Amino acid sequence: MSSSAALMLAAVLLAPSASALSLPPLIPTIPGVTEPLTSNAPPLPILQIPTPPLESPPFEASNIKPKKIGYFWTASGDNEHKDFLATYSLDDDTFGTLIWVTDVPSSGNSPHHLGPSHDGKTLIGGGLLSLLKTQDTAFYFDTTDPYHPTFKKSNRGILSSIVDEIRAKPDGGFFITYMGSALGTSPGRLVETDAEFNIIHEWPENVDGLLNILGEQFSPHGLSVDFDKNVILTSDFIVPLSILKPSLGIERANTLRLWDLPSREIISTIEIPDGGGIQDVKFIPGNPETAAIATAVHLGQVWIIYPFRKDGNGKQGVAKLLYDLGPKARDTVAIYSDISADGKFAYFTLTTADHIVALDISDLDKVKRLDDPDEDQPTIGPHYIKITPDQRHIVVTDYFVQTGDIGLINTPADYKALYIDILDDGTLSFNRSIDFPREFANRGGAKPHSSVVFDLTDPENPLYY
């Protein structure tokens, strides 16, 4: 693209945008009429028939009130019933008891990441493939009553789609990575909402930032924000449309963007050579240089990002190899991570390798691997991983993405939620799980992608993560 053409396009994209959209379904539910259409609609290339969802079957609720609650953002297994948020007990004595199910008004969204607001009164879940049925892509739940969440609202961006990572703003609202444009291509956007969860910006919005994302693939998936040091890191993964047929191949990125938090402007682009999809990035708590770890999927490696260091050319932001996860980690489709609150331990899911890695990163010059890479772990297709607020467990959901006949990514999974103990030395002990296909057989099974954990052990100081 010539510089003049790029400037003209940037000027168009800089035009003031409207607030978020929320549109009704193109085909409304008509009892006795639309059910056969929903069940018999054939798969199409890319865009799908916007069929209304089948009504959800009844479930057996529980009136228990555990101190530890797990929320799981879940797809109905048949892609025909409504997608839903499942609320479970994570207490030892009632572990795995289903408390409540909260439906959203659509199906086939491929529920993706889930995140809590800063005050714990709202959850947001993104729909990875909502765009294919021209549906809203972000779904909000009211958790004022933590045992009985209610559906609050949904919306979609104007310039972007494909909701991925979520970070709460201290003053209310969220930052959210939207990996694709409104058509699922590059560039995506860093979306910001206000405290009422209306989309107020789709960053970047300045000329230099737009030229940056137009000049090199911008498919933000990973997102980490340091509100004290005023920096944001986003990591570029894949062009969403490229995973759908017809495709010339999946377009993977090798870059991260470093942002200035106060201005929401891109400072620099950081490259991991031949990274083949930088799926995740997270700041290391307490690190004196505000370092972050990033996962390079093709390489099967963990890199460290130093946002305030400068390279030999004076450009801010430096990437260095931290740890090679070994041959089983290469090209595992997805590598997602979480880090303990003290910054000492890091955990990684290797989706198609059916493995969860544990590293001691307390000394970044002498990283220690704590798991046995040849161990046969009781997991199939692990992806989303979250350390519980008390730092004693990790929650892992065994499901990444299955596009079916219309796409190129269909990772094996057993659709369980694993509740894994963290031992004192940082190693893991597998002992409990929730079997979603068995619990929701009347919806064709269920596919839990992500989780949020509330810890209400101390009512005066509840924890949300």
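## Serine 235

In this predicted model, serine 235 sits in strand 13, which spans residues 231-236. Is serine 235 buried or exposed? Its relative accessibility is 0%, so serine 235 counts as buried. The cut-off for buried is under 20% relative accessible area.

The side chain of serine 235 has a polar partner. It reaches the backbone oxygen of glutamine 279 at 3.3 Å. Gln279 also appears among the contacts of serine 235, beside Ile278, Asp280 and Val281. Other contacts are Ser219, Pro220, His221 and Gly222, together with Thr255 and Leu256. This list leaves aside neighbours within four places in sequence.

## Largest pocket

The largest pocket has a volume of about 1100 Å³. Its lining comprises 39 residues. Nearest the centre lie Arg167, Val225, Phe227, Tyr464 and Tyr465. Several strands give two or more residues to this lining: strand 4 (111-116), strand 8 (160-168), strand 12 (220-226), strand 16 (278-283), strand 20 (335-339), strand 24 (385-387) and strand 29 (463-464).

Which strand gives the most to the lining? Strand 8 does, with four residues. By class, the lining holds 21 nonpolar, ten polar and eight charged residues.

## Strand 18 and its partners

Strand 18 covers residues 301-310 and is mostly covered, with seven of its ten residues buried. Strand 18 pairs with strand 17 (residues 292-296) through five bridges, and the two run antiparallel. Within that pairing, alanine 294 has tryptophan 303 of strand 18 as its bridge partner. Four residues separate strand 17 and strand 18 in their hairpin. There, glycine 300 takes a positive phi near 65°.

Strand 18 also pairs with strand 19 (residues 316-324). Seven bridges join these two strands, again antiparallel. Tyrosine 306 finds its bridge partner in strand 19 at valine 318. This pair forms a hairpin too, with five residues between the strands. Glycine 314 in that turn has a positive phi of about 85°.

## Threonine 94

Threonine 94 belongs to the loop between strand 2 (84-89) and strand 3 (98-103). Which residues does threonine 94 touch, not counting those up to four places away in sequence? They are Ile64, Pro66 and Ser89.

The contact with Ile64 bridges a gap in the chain. Threonine 94 and isoleucine 64 are 30 residues apart in sequence. In space, their C-alpha atoms are 8.5 Å apart.

Conventions: Residues are numbered from 1 along each chain as its sequence is written. This is a predicted model: local features need pLDDT of at least 70, side-chain atom pairs count only at pLDDT 80 or more; totals for chains, interfaces and linings use all residues. Side-chain values use heavy atoms; hydrogens and water are left out. Buried means under 20% relative accessible area, exposed over 50%, partly exposed in between (1.4 Å probe, protein chains only). Two strands pair if DSSP finds at least two bridges between them. Contact means heavy atoms within 4.5 Å. On a 1 Å grid over the protein atoms alone, a cavity is a set of points where a 1.4 Å probe fits but cannot get out, and a pocket is an open set with protein on both sides within 12 Å along at least five of seven lines; lining residues have an atom within 4 Å of a point. Grid points are joined across faces, edges and corners, and a volume is the space filled by probe spheres set on the points. Ala, Val, Leu, Ile, Met, Phe, Trp, Tyr, Cys and Pro count as nonpolar, Asp, Glu, Lys and Arg as charged, and the others, Gly among them, as polar. A polar contact is a pair of N or O atoms within 3.5 Å; within protein, one must be able to donate a hydrogen and the other to accept it, and residues adjacent in sequence count only if both atoms are side-chain atoms.
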